[in-house]
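Biologist: Please take a close look at the pockets of this model, and at the lining of the largest pocket in particular. I should like to know which elements and residues form that lining.

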Amino acid sequence: MKNKMLVSAVCMALAAAAVAGCGGKKDASGGGSSKPVTLKMNVTTSENSVWHVAAKEFKKEVEEKTNGKYKINIYGNEQLSSGDQAKGVEMLFNGATDADLHSTMIISNVVPKLAVVSMPWLFPNGYKSVDEYIFKDGSTGFAFIQKEMAAKGAHALAAGENGFRQITNNVRPITKPEDMKGMKIRIPAISILMDVFRALQCDPTQMPFSECFTALQQGAIDGQENPYDTIRSAKINEVQKYMTIWNYCYDPIILSVSDKTWKKLTDDEKKIFTEAAKNACKKQVEESRKLDASIIKQFKDGGMQVNELSPESINSMKEVMKPVYEKYKEKFGADTFAAFGYKF
């Protein structure tokens with residue numbers, strides 16, 4: 001009997017040692033194996049968009065550096081919000097999604113002051129101005145974005161790039177403000193762009209971007225405005241005759257984590273998520289800027305007529321925008337504009 005008990009005890013000890021030896025991967029905080037924590041990441045654009053460079057890099061680095069503790073599932077094309085961008089942003093802030101890539105333009109539905117980034121010709125020196133106020137370490141613009149989003153319940157980890165927004169239409173080339181009179185242009189659902197396009201005597205039409213291609217194809221609207229890669233990835237160029245390069249509005253995208261998810265992370269995990277976001281967005285910005293010239297060529301080769309506004313025409317557009325700037329100076333305050341380098 002004693003021998004049997006001894007054998008049994010030895011077997012149990014060996015089994016315990018085997019389990020300990022095969023304990024699986026440890027998480028970033030040094031814990032034992034467990035079922036991965038699955039996080040849902042919402043992305044506005046389709047998978048062939050350059051946005052997904054950031055999403056995939058973020059997923060890869062977080063999963064690797066947490067040793068598999070976290071698994072990130074990416075949902076493109078606003079799958080989680082049934083194509084509704086504004087709803088997608090709301091889902092981040094109420095914790096229904098864990099991570100997110102959205103434009104500041106759409107985030108402004110929840111964080112109103114971020115609409116200032118979409119002011120026309122806010123960045124006078126193009127990418128040079130953007131780099132100074134959004135991408136440079138310690139930039140006042142990104143710090144402003146972080147502060148405003150945190151107050152509403154989300155953590156902005158890093159900024160990527162949707163780029164400067166251009167305008168397409170099926171009516172005529174645009175060379176001066178008067179050319180836009182009467183055009184029915186699809187715009188995102190933010191009040192600043194309603195004011196901008198009304199000032200240009202257009203008929204601005206708000207609709208989900210998922211409906212834009214069909215509306216253009218059927219002639220329900222004349223045109224739309226978006227950065228090059230968004231136009232390309234959504235195949236908008238296939239149903240539009242003209243594109244005008246006017247760089248009127250810059251569109252950063254923000255890689256964020258909901259407050260609900262952020263609070264569950266350890267300090268070490270927060271560092272991993274932040275560093276992963278910065279690395280992912282840096283790569284995405286580089287890829288985005290490489291694409292600009294090739295996309296313009298692709299549009300031209302496909303039969304689209306592309307023209308670029310002259311400096312004189314842009315100055316004419318800016319003159320039209322003066323009342324819009326005065327309106328939002330009163331609404332947001334001059335200090336909000338100053339965070340992005342604009343002084344009245």
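Modeller: In this predicted model, α11 contributes seven residues to the lining of the largest pocket, the largest share. This helix spans residues 267-301, and α5 (127-135), α6 (140-152) and β4 (154-169) are the other elements that each supply at least two lining residues. The volume of the largest pocket is about 560 Å³. Its lining comprises 24 residues, and those closest to the pocket centre are Phe-135, Asp-137, Phe-142, Ala-158 and Lys-278. By chemical class, twelve residues of this lining are nonpolar, six are polar and six are charged.

The second largest pocket may be described in the same terms. Its volume is about 260 Å³. Here 16 residues form the lining, with Thr-44, Asn-77, Phe-209, Ser-210 and Ala-234 closest to the centre. Two or more lining residues come from each of α8 (212-217) and α9 (228-233), and α8 provides the largest share, three residues. In the lining of the second largest pocket, ten residues are polar, five are nonpolar and one is charged.

A further helix, α7, completes this account. In α7, which covers residues 191-199, the buried positions are Ile-192, Leu-193, Met-194, Asp-195, Val-196 and Phe-197. After α7 comes Gln-201, which has a positive phi near 65°.

Technical notes
Residues are numbered from 1 along each chain as its sequence is written. This is a predicted model: local features need pLDDT of at least 70, side-chain atom pairs count only at pLDDT 80 or more; totals for chains, interfaces and linings use all residues. Side-chain values use heavy atoms; hydrogens and water are left out. Buried means under 20% relative accessible area, exposed over 50%, partly exposed in between (1.4 Å probe, protein chains only). Helices (H or I, at least four residues) and strands (E, at least two) are DSSP runs, numbered from the N terminus. On a 1 Å grid over the protein atoms alone, a cavity is a set of points where a 1.4 Å probe fits but cannot get out, and a pocket is an open set with protein on both sides within 12 Å along at least five of seven lines; lining residues have an atom within 4 Å of a point. Grid points are joined across faces, edges and corners, and a volume is the space filled by probe spheres set on the points. Ala, Val, Leu, Ile, Met, Phe, Trp, Tyr, Cys and Pro count as nonpolar, Asp, Glu, Lys and Arg as charged, and the others, Gly among them, as polar.
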